[in-house]
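Visitor: I am new here. Could you walk me through this structure and tell me how each label is earned?

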Amino acid sequence: SFNQYAHSFMNIDLNFTAEQYGFLASAAFTSLFALASLYAGKMADTHDRRILLVSSSLAWSIAALSMSISHSYNDVIFLRSISGLACAFAAPASYTLLRDLVPRKHVGTASATYGSGVYLGESLASLSILTGGASTVLGWRGALAVAGVCGILCATLVGIVLPEDKFGNRDSRNKDVNGVVDFSTAIKLTSSKSLEPTSLSSQSTVLSDASAVLSTSNRVRFLFLAVFFRFCAGLTTGIWSAPFFRLAFPDDASSYAIINAMIIGVCGVASGMIGGWVSDRLAEKSASSTTMLWDESTGRLLIPIFGAFLAIPIWHMTMNASTFEGAMFWLAMKYLVAECWFGPAVAVLQSDVPSKYGGTAQGMFTLTGAMGNIAPSVMGILFCWTMDESARGDNIVGMIAENVAVAAGGNEQIMLATLLDGVVGWAYLLSGTCFVISALSSMAGQTTAGISHDDRESNEILVESKELIRIPVRVTDNKRSYMDDKHL
């Protein structure tokens with residue numbers, strides 16, 4: 001009955017139109033999320049990150065809890081926007097804290113573990129359709145309430161167990177391959193210089209910090225470009241897979257929701273965790289070997305390069321599978337090889353950008369992901385123009401649409417498969433190519449965070465106060481002594 005469906009689905013209960021639902025699912029969240037990302041990164045560089053993380057978690061959790069008792073579309077839009085704004089502040093604080101609290105040799109794994117929450121959340125969101133069904137007590141309101149309560153409990157736990165962030169991002173610890181270097185030893189070596197941690201310059205702005213991040217090196221610039229194309233591939237896959245599989249295999253539509261949730265939750269998480277772990281091993285080997293032709297960041301970037309290029313033929317097999325079982329197998333393989341990139345990419349970004357800009361860099365990373373939403377929109381335009389004969393042939397998009405329509409013989413399923421294969425495949429190709437250029441940039445001796453590789457691999461730390469002071473520090477690593485190029 002209508003009451004049963006209203007219990008299960010928000011759009012029926014609150015009488016959304018299709019256009020309203022589309023805005024709620026996309027722009028209502030991403031608009032403030034994207035706009036706030038750079039400012040959130042700046043705050044992570046200048047404020048107590050524990051307070052930022054706990055506050056943002058509490059804010060979005062309370063918004064979700066409040067949404068569970070909403071009675072109008074306007075209420076939901078407002079609370080959804082608040083949730084997006086709050087979530088923007090979580091990633092910059094989280095990743096810079098992981099960089100500082102986790103031993104350097106485990107940063108890739110730690111970043112991948114944090115990133116795996118995206119796949120678990122997406123999987124649980126798919127399964128919530130089952131737990132919120134008409135035959136259960138939970139419903140959409142109950143699902144939101146559970147999410148909100150869990151968020152509040154987690155935020156409280158983080159506030160209790162997370163160590164004090166006394167000096168914020170400015171006190172990020174330089175690490176050797178085995179752990180954390182104690183800066184107190186270095187500071188005691190100076191008898192006449194005051195090295196008290198200082199805040200970022202009052203003249204520093206969000207845009208100037210973003211410019212400083214992009215000015216770090218070619219490696220960082222091409223890394224951002226690779227991340228953009230990688231998000232394009234992932235977001236297009238996530239948004240357009242369901243419509244395609246419903247069109248290609250209509251009799252298996254109900255099975256797809258469950259299998260897709262399992263694929264994302266198992267293969268996505270496994271790929272991310274394995275990718276992070278392997279990247280840490282490659283980085284450790286690169287740092288401890290005198291025969292390697294590349295540095296540790298290049299070693300980490302081998303993982304997303306491998307994942308991007310291998311995903312192209314596997315995605316092609318997914319789009320051209322003749323059976324539902326075959327399509328699900330190749331989709332699982334795609335997630336298994338392609339989602340290994342996140343932890344290594346974040347680890348390279350945080351190791352190559354000066355510590356004082358780490359939060360800003362992570363905010364830019366988040367903004368880059370939000371910009372990747374352009375790819376699913378382009379995919380939608382291409383598909384609409386392919387279906388509309390009057391729109392074909394007038395410009396480059398129309399010419400692409402016309403060629404696809406002719407090649408598919410007017411078959412809607414084949415047209416959608418061809419477009420998805422092309423858009424996602426090209427995104428993976430461009431992403432992998434940019435990852436390669438980023439890796440080659442480091443091998444060519446590009447400077448990292450304004451410090452040459454010769455200085456980076458010496459047993460010295462640059463400590464920033466009123467002037468740069470070079471302080472020798474003994475690093476207790478039996479294999480090889482090297483220091484990170486972070487700043488106080």
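The talk below takes up a few labels in turn.

Guide: Welcome! Please keep in mind that this is a predicted model.

Visitor: What makes R49 and D100 a salt bridge?

Guide: The label asks for a side-chain nitrogen of Lys or Arg within 4 Å of a carboxyl oxygen of Asp or Glu. The closest N and O atoms of R49 and D100 are 2.9 Å apart, so the pair qualifies. R49 lies in helix α5 and D100 in helix α7, so the bridge ties together parts that are 51 residues apart in sequence.

Visitor: Why is R49 called buried?

Guide: Buried means under 20% relative accessible area. R49 has 2% relative accessibility, so it counts as buried. D100, at 8%, is buried too.

Visitor: Which other residue meets R49 in a salt bridge?

Guide: That is D165, with 2.9 Å from N to O. This pair links distant parts of the chain, 116 residues apart, with D165 in the loop between α9 and β1 and R49 in helix α5. D165 is buried, and so is R49.

Visitor: Where does R99 come in, and what joins R49, R99, D100 and D165 into one network?

Guide: R99 forms a salt bridge with D100, the closest N and O atoms being 2.8 Å apart. At 5% relative accessibility, R99 counts as buried. Salt bridges that share partners join R49, R99, D100 and D165 into one network.

Visitor: Why is α7 described as largely enclosed by the rest of the structure?

Guide: Ten of its twelve residues are buried, so the description follows. Among them are Y95, L97, R99 and D100.

Visitor: How do you know that the span of α7 agrees with what is expected?

Guide: At 1.5 Å a residue, the twelve residues of α7 should span 16 Å, and the end C-alpha atoms are 16 Å apart.

Visitor: Why is I258 called partly exposed?

Guide: Partly exposed lies between the 20% limit for buried and the 50% limit for exposed. I258 has 37% relative accessibility, so it takes the middle label. I258 lies in helix α13. Together with L124, L127 and M262, it forms a nonpolar patch on the surface, with about 370 Å² of accessible area. The elements giving two or more residues to that patch are α8 and α13.

Visitor: How many disulfides does a search of the whole structure find?

Guide: It finds zero. To count, two cysteine sulfur atoms would have to be within 2.5 Å.

Note on methods: Residues numbered from 1 in each chain as written. Predicted model: local features only at pLDDT ≥ 70, side-chain atom pairs only at ≥ 80, totals over all residues. Heavy atoms only, no water. Patch = residues over 30% accessible without salt bridge, like charges linked within 9 Å, V, L, I, M, F, W, Y side chains within 5 Å. Areas by Shrake-Rupley, 256 points an atom, 1.4 Å probe, with all protein chains shown as cover. Helix = DSSP H or I, 4+ residues; strand = E, 2+ residues; numbered from the N terminus. Buried < 20%, exposed > 50% of the residue type's maximum accessible area, 1.4 Å probe, protein only. Expected span 1.5 Å × (residues − 1).
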